[in-house]
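This report walks through one protein chain for a reader who has not met it before. Please keep the sequence and the structure open while reading.

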Amino acid sequence: MVTGVGRQRPAPATTAGPAGPGTSAGTPPIEGPAQRSWPGRVGRALRAAVVPLALIGLTSLAGVVLGRVYAGDLLTQLVIGAAAGSVLVSVAARRLPSWLVAPVSVAAMVGWTLWSLRLSATRADLPGSLLEVTADAARNGIPRLLTAMIPVEPTPDTVLMPVVAAWLAGLAGAEVALRTGRVLLGYLPAAGLYAAALYVVGPNAEPAIGATVAFVAVAAVGLAAPAAGSAAGGDPAADLAPRVRAAVRVRLAATAALGVALVVGLVALLGPVLAGQVDGRPVDPRRYVEPPQVQTLDENPLIRISGWALNPEQKLLDVSTVRPGAVAPPAGGAPSGGPDGGTDGKPGTADDATDSVRIRLAVLSDYDGVTWRVGATYRNAGRILPATTPARDSTVETVRQQITVADLSGRLLPAVATPSEVSGARVAYDPATGTLIRPEGLTPGLRYTVTSAREKPDNNLLATANVPAGAEVARVLRVAEGVPDPLRRLATQLAEENGAPYARAAAIEQFLAEHYRVVADAPSGHAYPNLGFFLFGPRNAGGQRGTSEQFAAAFAVLGRLSGLPTRVVVGFESTGQGPVRAGDAYAWPEVLFDGLGWVAFDPLPRPDNEPRPVEEDFRPTPEDPPPSEAPAPTVEPTASPEPVAAPDGPAGQGGVSTPVLVAGGSGGLLLLVGALLLTLLAMRRSLTRARLGRGDPGQRIAGAWREVTDALRLAGRPVGSDLAATEVAGRARRALADARAGTVGDGPALDGPAVDELAVDELAALLNQVGFAPGAATPDQAARAAEVATAYVATLRSARPWWRRLLWSVHPTPLRRARRSPR
């Protein structure tokens, strides 16, 4: 019989008899003296075992590749067991009909899978019966495998799919290769499983070069082995007639040559493509799967502070704490610091064995001017969490807590920072913030044990520590648009006399602690308007008091305005033993320092501290009124001379009458006001001419830009000095669009010169050119800038009411700004 590529030719059956090992038709070949001897039988058994062993090896190599992203070697061992079990069941059941082998093998697979799930659940210390564990793994196996954190811990949901896939691949390969003799075709399931393992691993491990070479070598050994029923080195056409034997040999040679040519062609065609992918980054399938998400309430737990403050006796948790010991700092430093991965910013308040313990619930790093948000990416994790590198100048203390959930709701899982091991609950973990969630949500009675590596910075190094900068910390330095001017000026004032980062943070902390009061009934809210009312609102109207929500949020915003990387943390203060109640919940800010990590600060006032009025140290009166309340400019009149009493005497003798005094004083005052207005008008026009007509082209372009910004301020649309030119241009376009729609003020339709809205962008581009390429501007460009600025100012001015158009030309604000910024 002629065989194809990769197919072993079964020995011809010549006599009836019981089927022996390695036969394909149930009738063994005629045995010679060598085959009937003991060495012959051993050799035949070894040859028959080559293909099954090759299938076991190929399937097991898929487990080896996948096990590189797992913690420990349990997953690899379970996959090897599944590969061996599936192939051996097929070998043992070769005497059974083919339709009966699959049910027998599947039954064996169920037993092996259940044992594997129980073993992995026991090692991961997961609660629940075998039925519950199996049902949960079957529902969530694939998504949890693709959203699990690397390294993946072998748990029931992360081992179920690999074990079942390995068993089915071994079963399919064994049935094809052993029953039909098509070895190469029988390799396809194992090869598909191996490719799937490489895809799941993706870029999360080194290239599997060694495993791939081993896969090819094992496959070649299985293909090169002689047929089970033929003698080693025998000629499959030896028993045929000479003429038939010659024809068979020719066909075999042609088939072999065709197979070799096909292989060479595939290598030549696919070789360069595959070689080009060796150094490429594999696709990570995890990007296609959405990781576990937190609920809306958990995305901003800061708003829960006020609710908890109104119900302080509500029991949220039960806590039992153990401190096994401390680890010496890697680079020296005294074991001092504050609670929860940092100091509270005050030497001498270190969290020792008798002090309170801060249990962290959430870390909020993102602020958009309205809401602080968690913004974390959680990945399913096992009992052992990824290790984090502690800060250089800090000690690490191990804290172990057993926590029982009472009335706390949501998905956020409380733990002391930074957790390293969790048992008793299935968790997802965000390594960037070191926080945990339970994807199924918290339930009353849930009990779990968490071991944390708590960092304690060295207080002695805080005074000279710097803060990091750059793209890595841009997230915790970002200041959202729309910062109120009083808030910005307060941050500037607090930072003016404190150059060092720690000094700035301590100044903010002290200012908040000395001027504001903590109350339980303050309304929730930490948007810019809420913080503005908290900081500057009148006390008799509810201002200058709040919960820890406002204190922590105000500190974080003022810190970012001062150049400090800050974030807000929500958690609980506990004695470490006993119940944790709603009254123990509060928020605190943290600042990131080089070498020290995140350091916690406490801006809350001391219980015996009477807050000092804010007005004693800071007056947030703006230089210019807000846009919506900009009144007409007023000129302070000069003090009139004190009236001199007339000497006693008859009327009309020795004195000037009252009407004459009133008329003279009024006329003099009018003349004085008129002279002042004319002076302001002349100064304003002189300033405009100097800006647009004097100096080199670069100076004239900059002057045109200042004309536009002054016009925006006069129109009630002031722009901050921290905005880029393109951002100012965008606001200028919006102001111009509102003016053309008749929405700026309550003035009439526009009657000034027309100006293209895009011309402001052109002026911004010219300003950027002047800033980044000094000396490159031309006189024509300066003339164009003056033209755009003049038309823009006229357009905005024409939209104002008539009395404001009159005051526009004499408003002193541009003159004051010109004195402060003469360039």
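A charge is said to sit over a ring if NZ of Lys or CZ of Arg is within 6 Å of the ring centre and within 35 degrees of the ring normal. In this predicted model, Arg 567 meets that description, since it lies over the face of Trp 598 at 4.0 Å from the ring centre. Another such placement involves Arg 358, which lies over the face of Trp 588 at 4.7 Å from the ring centre.

**The chain as a whole**

The protein chain has 823 residues, of which 44% are buried, and its secondary structure comes to 22 helices and 17 strands. Among the contacts between residues at least 6 apart in sequence, 78% join residues that are at least 24 apart.

Confidence varies along the chain and should be kept in mind while reading. The mean pLDDT of the chain is 79, and 77% of its residues reach 70 or more. Among the elements, helix H1 (residues 33-36) has the lowest mean pLDDT, at 50, whereas H15 has the highest, at 96. Over residues 228-233 pLDDT stays under 50, and the model has 10 contacts beyond four places in sequence for that stretch. Over residues 325-354 pLDDT also stays under 50, with 89 contacts beyond four places in sequence in the model.

**Aromatic pairs**

The structure holds 12 aromatic pairs. One of them joins Tyr 367 and Trp 372, whose ring centres are 4.7 Å apart and whose planes meet at 20°, so the pair is stacked. The cut-off behind that word is that planes under 30 degrees apart count as stacked. Tyr 367 is buried, with a relative accessible area of 5%, and Trp 372 is buried as well, at 0% relative accessibility.

Another pair is formed by Tyr 502 and Phe 601, with ring centres 6.0 Å apart and planes at 40°, so this pair is tilted. Tyr 502 lies in helix H13 (residues 501-515), while Phe 601 lies in the loop between strand S17 (597-600) and helix H16 (658-693), so the pair ties together parts that are 99 residues apart in sequence. Both Tyr 502 and Phe 601 are buried, and ring pairs link these two with Phe 555 and Phe 593 into a cluster.

**Helix H12 and its neighbours**

Helix H12 (residues 485-496) has 12 residues and reaches 16 Å from its first C-alpha to its last, which is close to the 16 Å expected at 1.5 Å a residue. Within H12, Leu 487, Leu 490, Ala 491 and Leu 494 are buried. These residues cover an arc of only 100° around the axis, which puts them on the same side of H12. An α-helix has 3.6 residues a turn, so residues three or four places apart point the same way. The buried residues of H12 pack against H13, helix H14 (528-536) and helix H15 (548-561).

**A buried tryptophan in H17**

Trp 705 is found in helix H17 (residues 697-714) and counts as buried, at 10% relative accessibility. Leaving aside residues up to four places away in sequence, Trp 705 touches Ala 725, Val 728, Ala 729, Val 760, Leu 763, Ala 764 and Leu 767. Trp 705 and Ala 729 are 24 residues apart along the chain, and their C-alpha atoms are separated by 9.9 Å.

**Backbone details in loops**

Which residues does a cis peptide bond join? The bond lies between Ala 417 and Thr 418, with omega at about -10°, and Thr 418 itself is in the loop between strand S7 (412-413) and strand S8 (419-423).

The table sets out two residues other than glycine with a positive phi.

| Residue | Phi | Loop | Relative accessibility |
|---|---|---|---|
| Asp 125 | near 60° | between helix H4 (98-124) and helix H5 (130-147) | 42%, partly exposed |
| Gln 544 | near 60° | between H14 and strand S13 (545-546) | 4%, buried |

Is Gln 544 buried or exposed? With a relative accessible area of 4%, Gln 544 is buried, because buried means under 20% relative accessible area. Asp 125, at 42% relative accessibility, counts instead as partly exposed.

Technical notes
Residues numbered from 1 in each chain as written. Predicted model: local features only at pLDDT ≥ 70, side-chain atom pairs only at ≥ 80, totals over all residues. Heavy atoms only, no water. Phe/Tyr/Trp six-rings, centres within 6.5 Å; stacked < 30°, edge-to-face > 60°. Buried < 20%, exposed > 50% of the residue type's maximum accessible area, 1.4 Å probe, protein only. Helix = DSSP H or I, 4+ residues; strand = E, 2+ residues; numbered from the N terminus. Expected span 1.5 Å × (residues − 1). Arc of directions from axis to C-beta. Contact = heavy atoms within 4.5 Å. pLDDT = per-residue confidence, 0-100.
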